[in-house]
Amino acid sequence: MEKKPPHPRNIAFWLGTGLGSGLTPKAPGTAGSLAALPFIYGAGLIAGPTGIAAFLLIWIAASLFTAPGFERAYSDDPALFVADEWAGQAVPFIGISFTGSLATDIPILLAGFILFRIFDITKPLGIKKAEKLPSPLGILADDLLAGLYALLLLKLLIMFL
């Protein structure tokens, strides 16, 4: 049976590629994480920590719903699939109350982004093991765990700086 990728006119395609951010030819995971930041920030400004939690839950559902189709069509955890990055990138900002001042909020966003990418790329402290869970959970679990470690470090940075 021929592998058929999710069609670009299909909502699953746009969710799985993080609204197209995973289609970048180089470093799609990083591009996807970066593309999620304005949406995370907007959710945080509009609805505070509840908005970020809602964003996280939406992208967890999007990742779990769309991952099987991408894996069937492309490979295990294909590079263009970044819905998991969108979910994982939200985790460092759980409980963060953005001020609306870019001078204050941009450093927090950048720190959360950098910390998340470091943990997601290097996969220390059980993150690599989480990635090996059965699909579609494994695709998502490593990003959520990377986000959790980034959250812990971000909170420490905010507390001490």
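This passage describes burial, exposure and selected contacts in a predicted model.

Helix α3, which spans residues 83–90, is mostly covered, with eight of its eight residues buried. These buried residues are Ala-83, Asp-84, Glu-85, Trp-86, Ala-87, Gly-88, Gln-89 and Ala-90, and the elements that cover them include α1 (11–16), α2 (28–73), α4 and α6 (137–160).

Trp-86 of this helix is also among the contacts of Ser-21, a residue located in the loop between α1 and α2. Ser-21 has a relative accessibility of 10% and therefore counts as buried, the cut-off for burial being under 20% relative accessible area. Its side chain reaches the backbone oxygen of Gly-18 at 2.8 Å. When neighbours within four places in sequence are left aside, Ser-21 is in contact with Pro-28, Ala-31, Gly-32, Ala-35 and Val-82 as well as with Trp-86.

Helix α2 also contains Ile-46, which counts as exposed because its relative accessibility is 78%, where exposure requires over 50%. Although Ile-46 and Phe-98 are 52 residues apart in sequence, their C-alpha atoms are 9.7 Å apart in space.

In helix α4, which comprises residues 102–122, Ile-106 has a relative accessibility of 38% and so counts as partly exposed, a class that lies between the limits of 20% and 50%. Together with Leu-102, Leu-110, Ile-114 and Ile-118, Ile-106 makes a nonpolar surface patch of about 440 Å².

Key. Residues numbered from 1 in each chain as written. Predicted model: local features only at pLDDT ≥ 70, side-chain atom pairs only at ≥ 80, totals over all residues. Heavy atoms only, no water. Patch = residues over 30% accessible without salt bridge, like charges linked within 9 Å, V, L, I, M, F, W, Y side chains within 5 Å. Areas by Shrake-Rupley, 256 points an atom, 1.4 Å probe, with all protein chains shown as cover. Salt bridge = Lys/Arg side-chain N within 4 Å of Asp/Glu carboxyl O. Helix = DSSP H or I, 4+ residues; strand = E, 2+ residues; numbered from the N terminus. Buried < 20%, exposed > 50% of the residue type's maximum accessible area, 1.4 Å probe, protein only. Contact = heavy atoms within 4.5 Å. Polar contact = N/O pair within 3.5 Å; in protein donor to acceptor, adjacent residues only side chain to side chain.
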